[in-house]
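Subject: A structure for you to explore

Hello,

I promised to send you something to look at, and here it is. Please open the structure next to this email, and then read on for what turned up.

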Amino acid sequence: MRTFHIGGVHPPENKLTESAKIINTELPREVTLTFGQHIGAPARCLVKKGDYVDRGSVIAEASGFVSANVHTPISGTVTKVDQIKMPNGMPSPSVTIAASDDDHEKDLRTISDLTPLRGDDEIEALDPKAIIDIVDKAGIVGLGGATFPTKVKLSPPPGMKADLVIINAVECEPYLTNDHALMLEEPDAILAGTRLLMKAAGVERAIIGVEANKQNAIDLLRRRIAELGINGISVTELTVKYPQGGEKQLIEAITGKEVPSGALPIATGAIVQNVATAYAIYQAVRFGQPLIERVVTVTGPSVQRPGNYRTAIGVSVASLIQQAGGVPADTGKIILGGPMMGKAIVNIDAPTTKGVSGILFLPESMSQRPRIEPCIRCAQCAFACPMGLEPFLLATLSRFGEWEEVEKEKIMNCVECGCCSYSCPSSRPILDFIRLGKQTVGAAIRARQSQKK
């Protein structure tokens with residue numbers, strides 16, 4: 001089996017919901033939608049208080065090339081255009097929409113009567129630009145967590161061209177199983193979405209990368225590829241190792257090529273898209289449905305009803321928690337995402353966004369950081385780093401504000417996977433300081449670039 005060759009760790013998988021089928025939650029009667037649900041410039045609000053909107057309408061439009069439209073998953077009236085406190089406690093501009101009984105009934109009929117917008121022949125006739133335009137208008141972003149606007153990845157810089165599409169179905173983050181569940185329940189739609197990505201990128205070949213702990217998904221996808229007679233798509237089984245699903249690590253594992261420092265992944269000739277993104281593209285092209293819902297894993301050792309929940313984007317985190325049985329009594333920390341790259345939250349009344357893949361409840365016994373001890377110079381963090389960096393050095397330089405030095409040591413190459421902190425026997429907050437350094441250095445780099453324009 002294939003894998004990347006530098007670093008990596010093996011945290012407990014804890015895939016508690018790996019056999020849980022997707023549960024469709026009830027359509028909400030109220031949603032709150034924020035404008036920065038993607039990497040890049042926040043979308044620009046198009047509505048005001050009192051406006052009426054239909055399900056699927058654009059309520060905020062992309063404000064630049066690296067930006068994405070935001071749509072409403074329900075019909076209703078705009079009741080508020082204001083700041084809302086996000087899960088991390090920070091304020092964000094948002095729109096709140098409330099549905100009347102008539103609006104709610106209309107949406108339920110729309111969902112039950114959903115029919116294809118395009119037939120097979122019409123989809124086959126779409127050229128790459130048409131597919132990218134649909135993706136753009138549908139507000140589709142990377143659903144593996146990064147939320148990079150998909151249209152941007154499908155529009156590489158001049159002089160660069162892809163020869164391969166890689167579908168990231170690795171899901172290496174502990175606890176999360178939403179992608180796994182989607183593969184088991186929607187293999188044909190995922191394969192159709194992969195074919196659309198291939199056409200949009202102008203390539204003849206796609207590889208779906210899946211870790212070996214999802215053998216049933218691997219077998220199912222391979223069987224459907226054979227039964228449907230699909231050419232150009234294959235499934236590669238990957239070693240179970242974190243962070244196998246990192247974009248650069250996945251490219252290396254599948255192609256053997258390394259993304260050069262400071263370069264885009266397209267420099268290797270590969271475009272990487274998450275498996276849920278491929279599914280969302282199929283939904284947009286076939287049914288005309290923008291990105292208004294996604295599957296979220298709600299899990300944890302003490303959760304009453306852990307599962308994979310398909311939910312409208314914009315419902316509160318609290319409502320999903322309620323679906324799973326409420327906050328367990330022994331909860332010490334609630335994390336959006338997984339335990340390695342996710343972040344603890346302080347406000348469960350905040351809305352979900354396109355990037356929310358999981359809600360994880362850790363018991364108090366698993367939530368306390370061990371006592372920080374002095375560094376013993378063991379270099380375990382360096383051995384574990386999948387980017388070949390020296391995390392102990394980056395953390396120390398950041399701690400003392402040596403920003404020029406930390407930039408020279410390539411801090412911006414860090415993918416924030418957490419392997420360094422996980423492997424440290426002294427429980428040092430290595431990633432915390434590196435994140436501080438990346439924020440500071442990144443801001444300095446952007447300031448220099450703006451001065452050159």
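Let us begin at C378: setting aside neighbours within four places in sequence, this cysteine is in contact with F383 and P425. Please keep in mind that you are looking at a predicted model.

Where does C378 sit? You will find C378 in the loop between α11 and α12. Is C378 buried, exposed or partly exposed? Its relative accessible area is 30%, so C378 counts as partly exposed; the buried class ends at 20% and the exposed class starts over 50%.

C375 lies in the loop between α11 (364-367) and α12 (380-384). Because its relative accessibility is 34%, C375 is partly exposed. Apart from neighbours within four places in sequence, C375 touches S426 and R428.

There is a reason to look at these cysteines together. An unreviewed UniProt entry gives the feature "binding site" at C375, C378, C381 and C424. These residues are spread over 50 residues of sequence, yet they cluster in space, with a largest C-alpha distance of 10.7 Å. Among them, C424 is part of the lining of the second largest pocket. Try selecting the four cysteines named in the record, C375, C378, C381 and C424, and viewing them as a group.

Next, have a look at a sheet. How many strands form it, and in what order? It is an open sheet of 4 strands, ordered β2-β8-β7-β4, and the pairing is antiparallel. The edges are taken by β2 (30-34) and β4 (52-53); each has a single partner strand, so one side of each has no neighbour in the sheet. For β4, 2 bridges join it to β7 (residues 76-85), and these strands run antiparallel. If you want to trace a bridge yourself, start from Y52, whose bridge partner in β7 is T77.

Finally, turn to helix α8, which covers residues 247-255. Which of its residues are buried? They are Q249, L250, I251, E252, A253 and I254. And what do they pack against? The buried residues of α8 pack against four strands: β9 (164-168), β10 (206-211), β11 (233-238) and β12 (270-274). Just after the helix, look for G256, which takes a positive phi of about 80 degrees.

Enjoy exploring, and write back with any questions!

Best wishes

Note on methods. Residues numbered from 1 in each chain as written. Predicted model: local features only at pLDDT ≥ 70, side-chain atom pairs only at ≥ 80, totals over all residues. Heavy atoms only, no water. Buried < 20%, exposed > 50% of the residue type's maximum accessible area, 1.4 Å probe, protein only. Contact = heavy atoms within 4.5 Å. Pairing = 2+ DSSP bridges. UniProt positions renumbered as here; feature names shortened; annotations may be inferred. 1 Å grid on protein atoms, 1.4 Å probe; cavity = no way out; pocket = protein on both sides within 12 Å on 5 of 7 lines; lining within 4 Å.
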